[in-house]
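Hello,

Here is the structure we talked about. Please open it beside this email and follow along with the notes below.

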There are 2 protein chains.
Amino acid sequence: MVGGSVPVYDEIILSTALMNNVLNFDSVSGILSYQTGCVLESLSLYLEDRNYIMPLDLGAKGSCHIGGNVATNAGGLRLLLLCVCICGKVLADGRALDCLATLRKDNTGYDLKQLFIGSEGTLGVITTVTILGPRSPIYDACNVFLLFEQLLQTFQRCRGMLGEIFSAFEFLDRECTRTHTHRFSNAFELNFLVIIKTSGSNPTHDEEKLHQFLEAMTSSQLIDGTVATEEAKIKALWSLRERVTEALTHDGFTYKYDISLPIERIYQLVTDMREHLGDRAKSVVGYGHVGKTVCLCVSVSFYPDLLASIEPFVYEWTARFQGSISAEHGLGLKKRNYIYYSKASLAVALMGNIKTMLDPKGILNPYKTLPDDLQ
Amino acid sequence: MVGGSVPVYDEIILSTALMNNVLNFDSVSGILSYQTGCVLESLSLYLEDRNYIMPLDLGAKGSCHIGGNVATNAGGLRLLLLCVCICGKVLADGRALDCLATLRKDNTGYDLKQLFIGSEGTLGVITTVTILGPRSPIYDACNVFLLFEQLLQTFQRCRGMLGEIFSAFEFLDRECTRTHTHRFSNAFELNFLVIIKTSGSNPTHDEEKLHQFLEAMTSSQLIDGTVATEEAKIKALWSLRERVTEALTHDGFTYKYDISLPIERIYQLVTDMREHLGDRAKSVVGYGHVGKTVCLCVSVSFYPDLLASIEPFVYEWTARFQGSISAEHGLGLKKRNYIYYSKASLAVALMGNIKTMLDPKGILNPYKTLPDDLQ
């Protein structure tokens with residue numbers, strides 16, 4: 001999406017695929033240490049066998065290396081869980097930097113590990129990761145329903161009524177669900193398709209909470225919906241969300257943005273962009289996690305110069321409302337020169353100083369993350 | 001405890017007491033922005049009025065400034081909640097560094113704010129903080145019981161049976177509870193006094209979970225205990241934990257350490273220290289949060305040279321088991337030269353480089369955090 005991991009000129013590619021061992025697992029605390037070439041899904045399965053779960057989940061889980069997830073700070077679909085990552089790294093000069101690897105709380109000096117999380121490989125090579133896995137929920141449920149009202153009220157109602165079992169809230173707008181809505185009878189009226197996931201420890205209690213919530217929704221906003229508690233059905237519903245990207249490719253070329261915005265603006269960017277582009281775009285769709293990120297996708301088939309209408313409009317709009325122009329995928333190659341829309345010049349200058357300090361020859365993932373004036 | 005905020009030679013003291021305004025609160029997301037001179041308890045009350053809670057809680061909440069909590073990364077008693085802090089700072093040269101202040105997710109470059117959290121004021125002055133407050137639980141309960149078996153099994157049983165409503169687990173050892181145990185009939189047999197807090201959204205469900213848990217405990221390890229659900233009674237039980245420090249002062253001079261250890265070693269330091277010191281110490285007590293920190297207190301009245309027997313023993317022991325010599329209170333003045341017990345030389349050298357980069361004249365909280373060879 002931003003070309004953070006793609007070589008562009010003269011780079012040497014370093015593969016961590018063979019560094020794929022689990023190093024240690026503590027069954028009391030749920031703390032797992034592993035090498036960074038492990039594939040996310042294989043770690044998820046490893047923990048599930050031991051009654052724990054990974055604190056992150058992505059559509060690309062079957063192929064992505066966990067080292068890449070940490071280097072890009074990719075959080076993905078499991079939005080409400082605590083995640084602690086503590087890393088070993090190799091610096092540009094080859095020396096190994098070992099941070100405390102098994103602890104939840106350490107207050108001895110500056111938090112160096114955090115500098116490397118999300119640095120896209122520009123400060124060091126992450127070699128090992130230690131992560132705190134939450135306990136496996138006893139009871140998972142997944143609800144899909146069509147929403148006619150505003151997203152925010154529904155999100156607030158979820159937090160209030162589902163409380164501590166509320167574990168994910170994903171939305172897809174009407175445009176985005178064209179390929180899915182034949183499953184529902186009154187789909188033509190929907191504003192949003194919402195997927196809510198709950199995870200709890202007591203099936204009876206969880207079912208009661210869900211029942212009360214759905215009853216309240218039916219009496220107001222919900223028109224049509226389905227609840228799944230079997231694993232296969234949960235997976236099928238969840239794939240509605242995971243496969244959006246794939247579905248959009250049928251529309252032809254797509255410009256894609258992952259934007260983080262204050263919660264009250266979460267969908268306004270999509271409607272404003274739709275109005276701004278008018279019939280120049282084939283479609284403008286939005287989906288994402290409320291409270292975290294909206295993915296904006298603009299599909300185009302007839303207007304080759306559409307990009308000039310989208311950018312810098314999308315970045316200026318985001319900056320105006322104090323959003324982040326990259327909530328998930330980092331800056332990579334393509335977005336690095338737009339960094340000033342989300343970061344003050346002083347902050348960018350400090351990043352440059354840190355890069356110079358840790359990688360004075362600029363050999364680690366060159367041409368990425370930092371803007372041209374700091375390369 | 002470590003003298004992190006105490007002037008020692010020629011420092012100028014900067015008070016943030018008048019910077020005590022709430023700047024913004026978003027009632028949908030629970031995100032609160034405020035100046036750093038706010039007192040923790042007043043922010044807690046502000047949020048409670050709006051059905052949210054602060055994600056941290058400390059014994060010193062009535063007097064501590066939130067800026068100090070962030071600068072020392074003090075987490076305190078509320079151990080299982082997600083906390084997001086995003087800060088504005090003033091650097092050593094007076095320039096203001098503004099990080100994105102309202103967002104949960106931002107992946108545009110390096111995570112600079114995290115460098116300042118826990119840096120004890122040595123890198124900059126934190127001026128504003130934005131924090132994500134969790135929703136107020138509908139139902140709080142507090143259980144105190146006496147434990148005859150091992151801590152870890154009980155902790156695991158809590159995680160399993162109380163699940164998502166389990167919000168805090170504090171333990172006090174027998175030595176530590178001398179002043180409290182008259183409340184319980186079989187106190188003379190106890191190993192630990194454990195205080196468990198639950199917070200949930202459905203009183204009926206929470207009570208059922210608690211009931212099942214207590215029933216299981218009674219049939220095995222629990223001998224005597226009490227459950228509180230009224231606010232006044234919860235406060236009274238919780239104060240057993242909060243007032244330990246005060247109670248210990250009656251023993252005379254006390255050496256105090258806040259150590260973080262891998263969970264399976266959490267109490268072993270106390271028993272090993274007890275054996276190591278023998279009758280040279282008046283008492284050796286331990287209390288803390290399982291999964292996070294153990295506070296080790298050694299009281300002395302007869303052996304003025306006891307310190308030489310405690311240190312470096314306590315630090316060497318901690319380093320051997322990959323613990324942190326400061327889980328909560330930072331390094332300050334007193335512990336800074338012990339940093340190498342918890343951090344590799346390369347990590348300490350990098351901290352020195354970061355300090356030089358951000359505060360080249362060394363004017364921000366001098367003589368603190370970094371060891372002598374980097375001052």
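Is Cys38(A) buried or exposed? Keep in mind that this is a predicted model. Cys38(A) is buried, because its relative accessibility is 2% and buried means under 20%. Its counterpart in the other chain, Cys38(B), has 3% relative accessibility and so counts as buried too. As for disulfides, there are zero over all chains.

Next, the two chains. A turn of 180 degrees, with a shift of 0.0 Å along the axis, lays chain A on chain B with an RMSD of 0.0 Å. This is therefore the relation of a two-fold axis. Both copies use the same surface: of the contact residues of chain A, 100% recur in chain B.

The other residue to look at is Asp173(A). You will find Asp173(A) in strand β7 of chain A, which covers residues 166-173. Its relative accessibility is 0%, so Asp173(A) counts as buried.

Which side chains does the side chain of Asp173(A) make polar contacts with? One is the side chain of Tyr267(A), at 2.5 Å. Another is the side chain of Arg274(A), at 3.1 Å.

Tyr267(A) and Arg274(A) also appear among the residues in contact with Asp173(A) once its neighbours within four places in sequence are left aside. That list further includes Asn191(A), Phe192(A) and Val270(A), as well as Val284(A), Val285(A) and Gly286(A).

Regards

Conventions
Residues are numbered from 1 along each chain as its sequence is written. Chains are lettered from A and ligands numbered from 1 in the order in which they are written. This is a predicted model: local features need pLDDT of at least 70, side-chain atom pairs count only at pLDDT 80 or more; totals for chains, interfaces and linings use all residues. Side-chain values use heavy atoms; hydrogens and water are left out. Copies are superposed by least squares on the C-alpha atoms of residues with pLDDT of at least 70 in both. Contact means heavy atoms within 4.5 Å. A disulfide is a pair of cysteine sulfur atoms within 2.5 Å. Buried means under 20% relative accessible area, exposed over 50%, partly exposed in between (1.4 Å probe, protein chains only). Helices (H or I, at least four residues) and strands (E, at least two) are DSSP runs, numbered from the N terminus. A polar contact is a pair of N or O atoms within 3.5 Å; within protein, one must be able to donate a hydrogen and the other to accept it, and residues adjacent in sequence count only if both atoms are side-chain atoms.
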